[in-house]
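Q: Got a minute to go through this model with me? I'd like the fold first, then a few close-ups.

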Amino acid sequence: MTGFVLSRRQVWLLVFVTLFWGVNWPIMKSAVGAYPAMAFRAWSMVLGLPCLWVGLKLLRVPLQVPRRYWGELLLLATTNMVAWHLCLMWALPGLSSGRAAIIGYTMPVFSALWGMLLYRQRLSRPQWVGVGSATAGVVLLLWHEFSRLSGVPLAGLTLLAGTAVWALGTQQLRRSAMDVPVLAIGFWMTAITTVAVLLYVGSTDGLPANQPSPRVWAAIAYNALLIFGFCHVAWFALARALPPVAASVSISLIPVLGLLSGALWLNEALHWQDGAAVLLIMLAIGVALHPAGTETS
């Protein structure tokens, strides 16, 4: 088995992705408590897509995608973004921001399992430890949801399903043979997802008649500029450059930050299951980033 070393650029990308995505969980939760969740996501993406386009133009990234890749691009958009964002917006109103963050970033479990089931990857002993640790964390969280009369277990299961599809997309993106810059792939996946969210909103209740409050507009602007304008594309670049399990687990500090910031800003109650899940995820991070625990390509 071969190890991997993060470049300085990749380290900084991980730092900013972790920070921006981590604190976004209570930001999103606060917004969807005051405005319909899918409409919030639609506004964020409609405003974020032009920001992303301008940034890529400034970087002189060619956005053309040959026709022969359109089918694969649609598949990658569906597994990497469309399913995730729809499931997230369905589930978030029923979960605390910290708990949603922990469930969402159990993706390394599914990434490893997809690799084993579909691509015949052999998991090392440390990877099995990481998979088992993250699985135990999920069981703790879902068990707590089922044990509470006020819990919303369906929301947790919905988000877990979206996470599993996202993990499959990570494996597919890593193995894509598209001769297209990864930033261009990220742009078009975001564009496809924006259309999908708008179609969903238009086919259900439509955009609310009342305008978002200043607080919701601030959350929309944060998501447009930093999440869709930066984090998604940075993640796509990392996911394609690093081994699948390593790329997935390397951002698992995000739920820790999401949990703590949700408790601090939204006064969300912390339970022992949350703390135990965080510790299990930290164990998964350690074994996945250890040179002996990385998979061969």
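What follows is a chat about the overall fold, some helices and two residues.

Q: What kind of model is this, and how are residues numbered?
A: It's a predicted model, where local features need pLDDT of at least 70, side-chain atom pairs count only at pLDDT 80 or more, and totals for chains, interfaces and linings use all residues. Residues are numbered from 1 along each chain as its sequence is written, and side-chain values use heavy atoms, with hydrogens and water left out.

Q: How many helices and strands does the protein have?
A: Twelve helices and zero strands. Those are DSSP runs numbered from the N terminus, with helices being H or I of at least four residues and strands E of at least two.

Q: How much of the protein is buried?
A: Of its 297 residues, 57% count as buried. Buried is under 20% relative accessible area, exposed is over 50%, and partly exposed is in between, using a 1.4 Å probe and protein chains only.

Q: Which helix does α4 cross, and at what angle?
A: Helix α4 (residues 97–104) crosses helix α7 (residues 153–175) at roughly 35 degrees, and their axes come within 9 Å. Axes here are lines fitted to C-alpha atoms, for helices over the stretch in contact, and angles run from 0 to 180 degrees between N-to-C directions.

Q: Which residues in α4 and α7 meet?
A: From α4 you have A100, I103 and G104, and they meet G156, L159, L160, T163 and W166 in α7. Contact means heavy atoms within 4.5 Å. By class, the contact of α4 with α7 has five nonpolar, three polar and no charged residues. Ala, Val, Leu, Ile, Met, Phe, Trp, Tyr, Cys and Pro count as nonpolar, Asp, Glu, Lys and Arg as charged, and the others, Gly among them, as polar.

Q: Switching to V165: where is it, and what does it touch?
A: V165 is in helix α7. Leaving aside neighbours within four places in sequence, V165 is in contact with T78, T79 and A83.

Q: Is V165 buried or exposed?
A: In between: V165 counts as partly exposed because its relative accessibility is 28%.

Q: And H85, buried or exposed?
A: Buried, because H85 has 2% relative accessibility. H85 lies in helix α3.

Q: What does H85 touch?
A: Not counting residues up to four places away in sequence, H85 touches R41, T193, F228 and H232.
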